[in-house]
Amino acid sequence: MKANTTVVTTDKARYGKEALQIWNRLGMLIILVLLCAVLAFTAPNFLEMSNLLNVLKQVSINGVLAAGMTLVILTGGIDLSVGAIVALSGVVSVMISQAGIHPLVSISAGLLVGAFFGLVNGFFTAKTKLPAFIVTLGSFTYVRGLAYVISGGYPIVVESDLFKFLGAGRLFLIPTPIYIMVIVYIGMFFVLKYTMFGRHVYAIGGSEEAARLTGIKVERTLMKVYSLSGLLAGLAGVVLAGRLFSGQPTAGLGYELDAIAAVILGGTSLTGGIGRIQGTIIGVLIMGVISNGLTLMDVGYYWQLVVKGGVIIAAVLIDRLRSQSQSL
Amino acid sequence: MNSVQLIENDVVSVSDSPSPILKMKGISKTFSGVTVLKNINLELYKGEVHALMGENGAGKSTLIKILSGIYQPDANGGSIIYKNNSVTWSGPVEAKKQGISVIHQELKLSPNLTISENILMGTKFPENKFGMVKWDDVYHKAKEILHSMGSELNPKTIVSTLSVAQQQVVEIARALSYNADVLIMDEPTASLTDKEIEKLFEIIEDLKKKGVAIVYISHRMDEIFRISNRYTVLRDGEWINSGPIKETNPEHLVKLMVGRELNSLFKRHTKVATSRVDDTKPALEINGISDKRVVKNVSFKIYPGEIVGLAGLVGAGRTELIRTIFGASQKTGGEILVNGEKVNITSPNDAIRHGIAHVPESRKEQGLFLNMSVKENIIMNELKKFRKAGKLNWKEIDQKADYLIKELGVKVSSSEQLVANLSGGNQQKVVIARWLSIGPKVLLLDEPTRGVDIGAKTEIHKIISKLAEAGLAVLVVSSELPEILGISDRILVMHEGKLQRHLTRQEATQEKIMFFATGGE
């Protein structure tokens, strides 16, 4: 009799442990599914194909930014400059395109602008050992300043069809930005799991000192990470310009915070080293679904901001609970 | 009911019968289904030093955490009787208030604050009537406590500027500031010099006289037999034995701890390395190397197949020396030759390219990626070899990792297990395994068995010895003289950044090493 009871308790405990592991792995996915289920009943038209595609299209920009942000946060860093880079690369690529230069060239220029300022972030973070927060807070400001300087403060209309196709076009009935986001995530999954660079990102996030003593070129890896984040921000900038039919110096305001929120919602630890790109896409979708659902339910934009803020705090709380449960 | 108990208390304290000040009875603790402690008994008497012994993973830390209120025992998992009252502590703060203080193995100081603030942290600072801190009183109080320990440290010094050993002194001073009745010391001597250890023992003797009960955890047998009155041995979360220290001996204790006989420490069979010296090139030759801070003009050679011990006190520059050789610290002078060829090393990456491997001093911060699996930790240096067109081949990585795990006898449930969950000894094996994959010629080991239990220690010594037999040149830094004497072919003794003396295995004794390490000529 006594033996029986002990078996039961240890079984219970084991189920508890397994439940915890499942939660760690799939917790956010479960929340996403639940959210969708609730919205299916409460929000009119939520489940319609056109609305679902709309959600995906709307999250695509944040999705692309969050993919780069995941890399940065995995190394234990942060990139506050991506919103500003979105604006600058949009303005630059549109201006070049309007100057009559082939759109492929102007789009590449937009991407390069992003990669370049990302590299600058990486250089200061890696070489001068300034905290990434400070470095990218600086570029958060000066990159947007450059966008204003170059554009004179006004939106610049783009006429190139390729821009419009990237931002607002469709391919086989599906909006183009969705393809772009999907490609970015497949690529990032591959990079993180199947390249040395990806594993080095995790290693640096685990312990920078240990990484250095293992012969990992920490500085070079960090510069690559920030460049990649900048490059993806550049890509997002070009896509956004295509969607808005113009390069705008005010574009992308606050986007960095959405990207960070999505990454953390996706289970990546702010201290670095722990997290997966699959989590980030779920974080991105949760944020998109919430904002879409609120819109469908006629909740105004102001209240949406209030909810979004709450979600971000809840995300960090969840992150902390998770790391606590893992430390036991 | 309560009042009756209180009366009983008074009677007991008056009658001065030898009842324990603290008694743990049948303590059990389970974490998510895994039993960590099972039915542990521990009795502490006033004015005694009680050695708590056991291999890493035996449950000592968990027991201490229960004792100090960080964990609670399981429901129905035994009871703690403290000063004749059954107690459950809500947390470490309450335990501390009741007079239970812990000196942790890993220092828990605020590095950006002064010594005095750290010592008095957790007590109320003296204030004037406006609620402002009276700093002079703070310094004075801290100084008094430091003085009582015979320390001359200036209480206004910022803690981050102190050496590890000095920080340990601050940590002990803090524990004393609580007027503890029970003091738990978790490997307090791990980073102290012999002189400081003597000082610590004086303090402990003093505390004993004042009636403090001390729980003392250490892997060093000589210390245990010197200062303890009684011992308790744990193994695999179970209570094995307790008794007066006088009625046991080191061999017996080791046997209780590991559950099997051990031929004391590992003794390596060394070849007399003299004839070879003429015809073989040294694997590593160091000529007049210096660094920015400590290392001054050090020269030596290590031949293939040799294990050279690097002895010296904390702060003598041993770690700095091998970090400089490895390119982790900047070299300001001198040259390094590998296999007779001069090499230019400015980063760990350069050193690795020339076949130099380095197992750092602090496993957790410098050696391991705690966020990653055993497999990835082992393979991190070798990732390059598993690329095909830039893509990592995980299948091959798995095979290689499994091979190395087996080869070095790392105890894991699977190679996917998080390295953070391994015991210290197994973690160290993982770090060593990582380096083997690059096929090094020179292996630099910094305190390879610190915080490792005796069983794993012997295994690591065997691994090191095997590597030397396979032709590696090995340099071992260790603060444990028996370890250095046990495995080295030759011994270099450092003092204040200089190479003080070169001893052969035959002439080396603990006394001689200490003589030169303390500056003898």
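In chain B of this predicted model, strand β13 (residues 307-312) is joined to strand β21 by 5 bridges, and the two strands run parallel. Within this pairing, B:V308 stands opposite B:R490 of β21(B). On β21(B) there is also a pairing with strand β22 (residues 498-504) of chain B, made through 6 bridges, but here the strands run antiparallel. One of the pairs in this second ladder sets B:L492 against its bridge partner B:H502 in β22(B). The connection between β21(B) and β22(B) is a hairpin with 2 residues between the strands, and B:E496 in that turn has a positive phi of about 45°. Strands of a sheet pair through backbone hydrogen bonds, and they may do so either parallel or antiparallel.

Strand β21 (residues 490-495) of chain B is mostly covered, since 6 of its 6 residues are buried. In a regular strand the side chains alternate between the two faces of the sheet. In β21(B), B:R490, B:L492 and B:M494 point one way, while B:I491, B:V493 and B:H495 point the other way, and all of them are buried. Helix α19 (residues 510-517) of chain B lies across β13, β21 and β22 of that chain, and its direction makes an angle of about 30° with β21(B).

These strands belong to an open sheet of 6 strands in chain B, which has mixed pairing and the order β16-β19-β20-β13-β21-β22. The edges are formed by β16 (356-359) and β22 of chain B, each of which has a single partner strand, so one side of each is left without a neighbour in the sheet. From one strand to the next, the twist averages 20°. Elsewhere in the order, strand β19 (residues 442-446) of chain B runs parallel to strand β20 (residues 473-477) of chain B, to which 5 bridges join it. In that ladder B:L444 stands opposite B:L475 of β20(B).

Chain B also has an open sheet of 4 strands, in the order β12-β11-β14-β15, with antiparallel pairing. Here β12 (298-302) and β15 (341-343) of chain B are at the edges, and because each has a single partner strand, one side of each is left without a neighbour in the sheet. Neighbouring strands of this sheet are turned by 20° against each other on average, direction ignored. Strand β11 (residues 284-291) and strand β14 (residues 331-338) of chain B run antiparallel and are joined by 6 bridges, with B:N287 standing opposite B:E335 in β14(B). Helix α11 (residues 318-326) of chain B lies across β11, β12 and β14 of chain B, running at about 115° to β11(B).

The nonpolar interior can be followed next. The largest nonpolar core has 168 residues, and those with the most contacts inside it include A:V64, A:L232 and A:A236 as well as B:L444 and B:V474. Helix α10 (residues 218-244) of chain A provides the largest share of this core, with 15 residues. Leaving aside residues up to four places away in sequence, A:A236 touches A:I61, A:V64, A:L65 and A:V86. Apart from this core lies another of 63 residues, among them B:I145, B:V182, B:V212 and B:I214.

In chain A, helix α2 (residues 49-74) contains A:L71. A residue counts as buried when 20 or more other C-beta atoms lie within 10 Å of its own, and A:L71 is buried because it has 28 such atoms within 10 Å. With residues up to four places away in sequence not counted, A:L71 touches A:V201, A:V225, A:L228 and A:S229.

For chain A, an unreviewed UniProt entry places the feature "transmembrane region" at several spans, including residues 132-151 and 252-270. The span of residues 132-151 of chain A is 100% helix and 0% strand, and its end C-alpha atoms lie 28 Å apart. For residues 252-270 of chain A, the end C-alpha atoms lie 23 Å apart, and the span is 58% helix and 0% strand.

Where the chains meet, the contact takes 24 residues from chain A and 27 residues from chain B. On the side of chain A that touches chain B, α1 (2-42), α8 (196-206) and α9 (208-213) of chain A each supply at least two residues, and α8(A) gives the most, with 6 residues. By class, this side of chain A has 9 nonpolar, 9 polar and 6 charged residues.

Methods
Residues numbered from 1 in each chain as written. Chains lettered and ligands numbered in written order. Predicted model: local features only at pLDDT ≥ 70, side-chain atom pairs only at ≥ 80, totals over all residues. Contact = placed C-beta atoms within 7 Å. Nonpolar A, V, L, I, M, F, W, Y, C, P; charged D, E, K, R; others polar. Pairing = 2+ DSSP bridges. Axes fitted to C-alpha atoms, helices over the stretch in contact; angles between N-to-C directions. Buried ≥ 20, exposed ≤ 12 C-beta atoms within 10 Å, placed from the backbone. Core = buried A, V, L, I, M, F, W, Y, C linked by C-beta atoms within 7 Å. UniProt positions renumbered as here; feature names shortened; annotations may be inferred.
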